[in-house]
Amino acid sequence: MAKEPVRVLVTGAAGQIGYALVPMIARGVMLGTDQPVILHMLDIPPAAEALNGVKMELVDAAFPLLKGVVATTDAVEACTGVNIAVMVGGFPRKEGMERKDVMSKNVSIYKAQASALEQHAAPNCKVLVVANPANTNALILKEFAPSIPAKNITCLTRLDHNRALGQISEKLNVQVSDVKNVIIWGNHSSSQYPDVNHATVNTAAGEKPVRELVKDDAWLNGEFITTVQQRGAAIIKARKLSSALSAASSACDHIRDWVLGTPEGTWVSMGVYSDGSYNVPAGLIYSFPVTCRNGEWTIVQGTDAILYPMSFLSPIAFCF
Ligand SMILES: NC(=O)C1=CN([C@@H]2O[C@H](COP(=O)(O)OP(=O)(O)OC[C@H]3O[C@@H](n4cnc5c(N)ncnc54)[C@H](O)[C@@H]3O)[C@@H](O)[C@H]2O)C=CC1
Ligand SMILES: O=C([O-])CC(=O)C(=O)O
């Protein structure tokens, strides 16, 4: 029997991430190729015409899984009945800015949209905040939507996680799908700590630690870390626009693994509320290694056996 459609909200859907993301969702990249979807797209009135253009293109693409499109500038209409909310709406940084520099503009959006989601989304709606500063916006949403369970509010650090996998795969000249279990600790900002101390590569001789294969601790402790931390800025410098296709793809990865589960023996990085694990103050939205089963994430314990620079673990460093 055909599955019931899942309603997926994308805010900021007329923007560049939205334009890359909505066709991925409509093709089943996020929720599976057997899962029908109804897309809810929200943007602001100045972008209404562009949003309508995106809706027209979705119709023109004739996606078999797409069972309906709501395109609106009304937050209540957009949020009504949604099962998944991908919060992309907001302003991107420009060259030379840090992500915290868009905070004053973007945080107020998350205050306002928290109550629309809280009051009108489907029960147990899963929320992914993408807009920057992502951890802070997710925290604001959590504080202003207290009836949404905190475990349902997350932010995107999967892009950083995927960037780390990509760097290792390029360094070792191996398939990216053979690399796993990197960790992004902390914030989606240049203060994050990309950690390869538990990462492995699937080789003909079995799973091998990344450190053993790379044989270059200076690179792993230096250039690798700064490349991942600064990748967003490097994309802005090159494209004059911030990353969009990789952000959209990583948002699909985040939701897919959360809903459908992580593969056995694999963890991913998600910004989730801290329960005090690893001495991260409870309540902060912080990126940890997690596994997912039955639609729930669990923080992987015991990955702190290897010492990493304590400055990276300072909660203050991760606030923004
Ligand atoms: N967490 C992550 O890994 C990443 C986060 N980002 C962030 O995602 C956000 C979106 O980036 P882009 O799509 O490139 O920006 P964009 O400027 O192309 O699109 C943003 C869209 O949001 C809309 N918007 C503004 N205020 C809104 C509101 N109150 N409600 C609904 N929509 C609203 C704008 O009209 C625009 O259409 C930025 O904050 C960017 O920094 C970008 C890449 C990666
Ligand atoms: O760097 C930016 O401003 C956009 C972003 O978050 C990323 O690409 O990681």
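**Exercises on salt bridges and strand pairing**

K151 forms a salt bridge with E296 in this predicted model, with 3.6 Å between the closest N and O atoms.

**Exercise 1.** Determine which parts of the chain the pair K151 and E296 links, and whether each residue is buried or exposed or partly exposed.

*Solution.*
Step 1. Locate the residues: K151 is in the loop between α5 (134-144) and β6 (153-155), and E296 is in strand β14 (residues 296-299).
Step 2. Consider the separation: the two residues are 145 residues apart, and the pair links distant parts of the chain.
Step 3. Apply the cut-offs: a residue is buried under 20% relative accessible area and exposed over 50%, with partly exposed in between.
Step 4. K151 has 30% relative accessibility, so K151 is partly exposed. E296, with a relative accessible area of 36%, is partly exposed as well.

**Exercise 2.** Examine the salt bridges that D34 forms with K3 and K180 forms with E207, and state which parts of the chain each one links.

*Solution.*
Step 1. Recall the principle: side chains of opposite charge can pair when their charged atoms come close.
Step 2. In the pair D34 and K3, the closest N and O atoms are 3.2 Å apart. D34 belongs to the loop between α1 (16-26) and β2 (37-42), while K3 belongs to the segment before β1 (6-11), 31 residues apart.
Step 3. In the pair K180 and E207, the corresponding distance is 3.0 Å. K180 is part of strand β7 (residues 179-180) and E207 of strand β11 (residues 206-209), so this bridge ties together parts that are 27 residues apart in sequence.
Step 4. Place these pairs in context: the structure holds 12 salt bridges. R158, D253, R256 and D257 are linked in a network of such bridges.

**Exercise 3.** Describe the surroundings of strand β5 (residues 126-129): its faces, its bridges to β4 and β6, and the crossovers.

*Solution.*
Step 1. Recall that in a regular strand the side chains alternate between the two faces of the sheet.
Step 2. Assign the faces: K126 and L128 are on one side of β5, V127 and V129 are on the other, and all are buried, which leaves both faces covered.
Step 3. Turn to β4 (residues 84-87): four bridges join this strand to β5, and the two run parallel. A85 has V127 as its bridge partner. From β4 the chain crosses through helix α4 (residues 103-120) to β5 in a right-handed β-α-β crossover.
Step 4. Turn to β6: three bridges join β5 to β6, again a parallel pair. V129 stands opposite C155. The chain passes from β5 through α5 to β6, and this β-α-β crossover is right-handed.

Methods. Residues numbered from 1 in each chain as written. Chains lettered and ligands numbered in written order. Predicted model: local features only at pLDDT ≥ 70, side-chain atom pairs only at ≥ 80, totals over all residues. Heavy atoms only, no water. Salt bridge = Lys/Arg side-chain N within 4 Å of Asp/Glu carboxyl O. Buried < 20%, exposed > 50% of the residue type's maximum accessible area, 1.4 Å probe, protein only. Pairing = 2+ DSSP bridges. Right-handed = clockwise from strand over helix to strand, strands pointing away.
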